[in-house]
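Here is a small set of exercises to work through with the model open in your viewer. Try each task before reading its solution.

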Protein chains: 2
Amino acid sequence: MPKILIIEDEPELVKVLRSYLEKAGFGVEAAYRGDAGLSLWKQKRPDLVLLDLNLPGMDGLDVAREIRRKDNTPIVMLTARVEEMDQLIGLELGADDYITKPFSPRVVVAKVRAVLRRLDAAAELPQHVQVADIEIDLDAHTVTKDGEFIDMTPTEFELLATLAAQPGRAFSRLQLLEASQGTAYEGYERTIDAHIKNLRAKLESDSKNPRYIETVFGVGYRFARQ
Amino acid sequence: MPKILIIEDEPELVKVLRSYLEKAGFGVEAAYRGDAGLSLWKQKRPDLVLLDLNLPGMDGLDVAREIRRKDNTPIVMLTARVEEMDQLIGLELGADDYITKPFSPRVVVAKVRAVLRRLDAAAELPQHVQVADIEIDLDAHTVTKDGEFIDMTPTEFELLATLAAQPGRAFSRLQLLEASQGTAYEGYERTIDAHIKNLRAKLESDSKNPRYIETVFGVGYRFARQ
DNA sequence: ATAAATGGTCAGAAAATCATCAACAGTGAG
DNA sequence: CTCACTGTTGATGATTTTCTGACCATTTAT
């Protein structure tokens, strides 16, 4: 559950935002002054900061600068008017996004989600898997073999990406089910067989003697260690 | 470390700007006259020029024009008032951005960063995409097929530009929403379908077998690989 | 060698996703 | 204000993918 820190001096606004964010599954902390917000940030280390520009105690810009100096917690600025934003457009201070008042809480939640998603996507996952003469670009959703592009359905793509990410490791059908269709524990293990067959048809030149996707009898499948 | 050239006749202002820019990690050169600025530009080849409009020795406009004639070093204009800018815009000077006085040094640094970043980002993407008989000039905002210009609505062009800038890469509807209407997380993903349909109607001769904008089932759309 | 267990393949059914259309809303120009 | 244009939305039918179970082939264990 990602934690959001709201630094905003209007209690009414904080109340509304908190309600919406919590409903959306976020944990919420709030401060009503800039300096208080900064120390709360140090203490709680939230995943994202919603920061008003005009604050008592300490200016929002200074708060942002201070946070940036120590960390790159994503910051979404709340500003009163569009003109204020013109000053910030360069985003000198590294705000990740901004919202101008008046705004609907719904929009705020959407922004928060978008920023977190954007950062997550950029930071964590490897973008690229290369094994043998197969190349998988997770971002672009492409698979090439010897430079030739091969079309994949979403499930096929997921399976291949899972297997190829750890060549030599055997995956059970259950693990592959989980990888391909999310968490789903329900489902028929043999479904995987069908997808493997289709994958092989697309990848292997000799489907009888698979070169890439090998069967591990009694266990599952693995991508060949090259 | 990017180099910035300041051409500005007020020494006090130069001093402040230099201090801020250096703190921000830029190398700074300065000239106090237009003609001197131009020769310093020739000599140092900075990554960006901060250029005052009213200068002794040589008018800022002439300096800009001269720089543009030889090179496309980004230029950020410093102008006294907004009205001055209106003139400039008509002159199609090719400045990359402008700032009106009075301005905070912070804003200047932000602008400089933004311009450099924008150019960097732009440099990575092609300005021009040609596939078969379609030609898309992302810069000029034009699309031609067999030499004939095709009119696009703004949204259509944005979508097409996004897709065509990275042929072969699949984009989700969410990514396309974000690209076409700015930030939107809200909005109906199927809206993209409608725009794609309109785009295809304009681009494709056989809308059933799209040659340019391909559907990636379960993922989104992509521009055909070249 | 034979039986038992596991994997491969296939085709039809079910589910998910997509294309298209028509109606509606917002916007700016005249 | 009206009109034209653009963009949005929800519904419908079409398409593609995914799932499933049956049947046969292969592997393993005895």
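**Exercise 1. Give the strand order of the open four-stranded sheet of chain A and find its edge strands.**

Step 1. The order is β6-β7-β8-β9 (chain A), and the pairing is antiparallel. Strands here are DSSP runs of E with at least two residues, helices are runs of H or I with at least four, and both are numbered from the N terminus. Two strands pair if DSSP finds at least two bridges between them.

Step 2. β6 (128–131) and β9 (148–150) of chain A are the edge strands, each pairing on one side only.

Step 3. On average, neighbouring strands of this sheet are turned by 20° against each other, with direction ignored. Axes are lines fitted to C-alpha atoms, for helices over the stretch in contact, and angles run from 0 to 180 degrees between N-to-C directions.

Step 4. Inside the sheet, β7 (residues 134–137) and β8 (residues 142–145) of chain A run antiparallel and are joined by four bridges. A:Asp137 has A:Thr142 in β8(A) as its bridge partner.

A note on the source: this is a predicted model, in which local features need pLDDT of at least 70, side-chain atom pairs count only at pLDDT 80 or more, and totals for chains, interfaces and linings use all residues. Residues are numbered from 1 along each chain as its sequence is written, while chains are lettered from A and ligands numbered from 1 in the order in which they are written.

**Exercise 2. Is A:His141 buried or exposed, and which residues does A:His141 touch?**

Step 1. Locate A:His141 in the loop between β7 and β8 of chain A.

Step 2. Count neighbours: A:His141 has 22 other C-beta atoms within 10 Å, so this residue is buried. The cut-offs are 20 or more other C-beta atoms within 10 Å for buried, 12 or fewer for exposed, and partly exposed in between, with C-beta atoms placed from the backbone.

Step 3. List the contacts, leaving out residues up to four places away in sequence: A:Phe157, B:Ala170, B:Val216 and B:Val219. A contact requires C-beta atoms, placed from the backbone, within 7 Å.

Step 4. For a C-alpha distance, take A:His141 and A:Glu158, which are 17 residues apart along the chain and separated by 9.7 Å.

**Exercise 3. Explain why β10 and β11 of chain B each have one side without a neighbour in the sheet.**

Step 1. The open sheet has three strands in the order β10-β12-β11 (chain B), paired antiparallel.

Step 2. β10 (170–172) and β11 (213–216) of chain B stand at the edges with a single partner strand each, so one side of each has no neighbour in the sheet. From one strand to the next, the twist averages 35°.

Step 3. Three bridges pair β10(B) with β12 (residues 220–223) of chain B in the antiparallel sense, and B:Ser172 stands opposite B:Gly220 in β12(B).

Step 4. Helix α7 (residues 173–180) of chain B lies across β10 and β12 of chain B, at about 80° to β10(B).

**Exercise 4. Which residues come nearest to DNA strand C and to DNA strand D?**

Step 1. Around strand C there are 23 residues, and A:Asp193, A:Lys197, A:Thr215, B:Asp193 and B:Thr215 come nearest. To be near, a residue needs its C-beta atom, placed from the backbone, within 6 Å of the strand. The elements giving two or more residues to this surface are α8 (190–203) of chain A and α8 (190–203) of chain B.

Step 2. Around strand D there are 23 residues, with A:Thr153, A:Thr155, A:Tyr188, B:Thr153 and B:Thr155 nearest. At least two residues each come from α6 (154–165) and α8 of chain A and from α6 (154–165) and α8 of chain B.

Step 3. Sort by character.

| Surface near | Nonpolar | Polar | Charged |
|---|---|---|---|
| DNA strand C | eight | six | nine |
| DNA strand D | eight | eleven | four |

Ala, Val, Leu, Ile, Met, Phe, Trp, Tyr, Cys and Pro count as nonpolar, Asp, Glu, Lys and Arg as charged, and the others, Gly among them, as polar.

Conventions
Contact = placed C-beta atoms within 7 Å.
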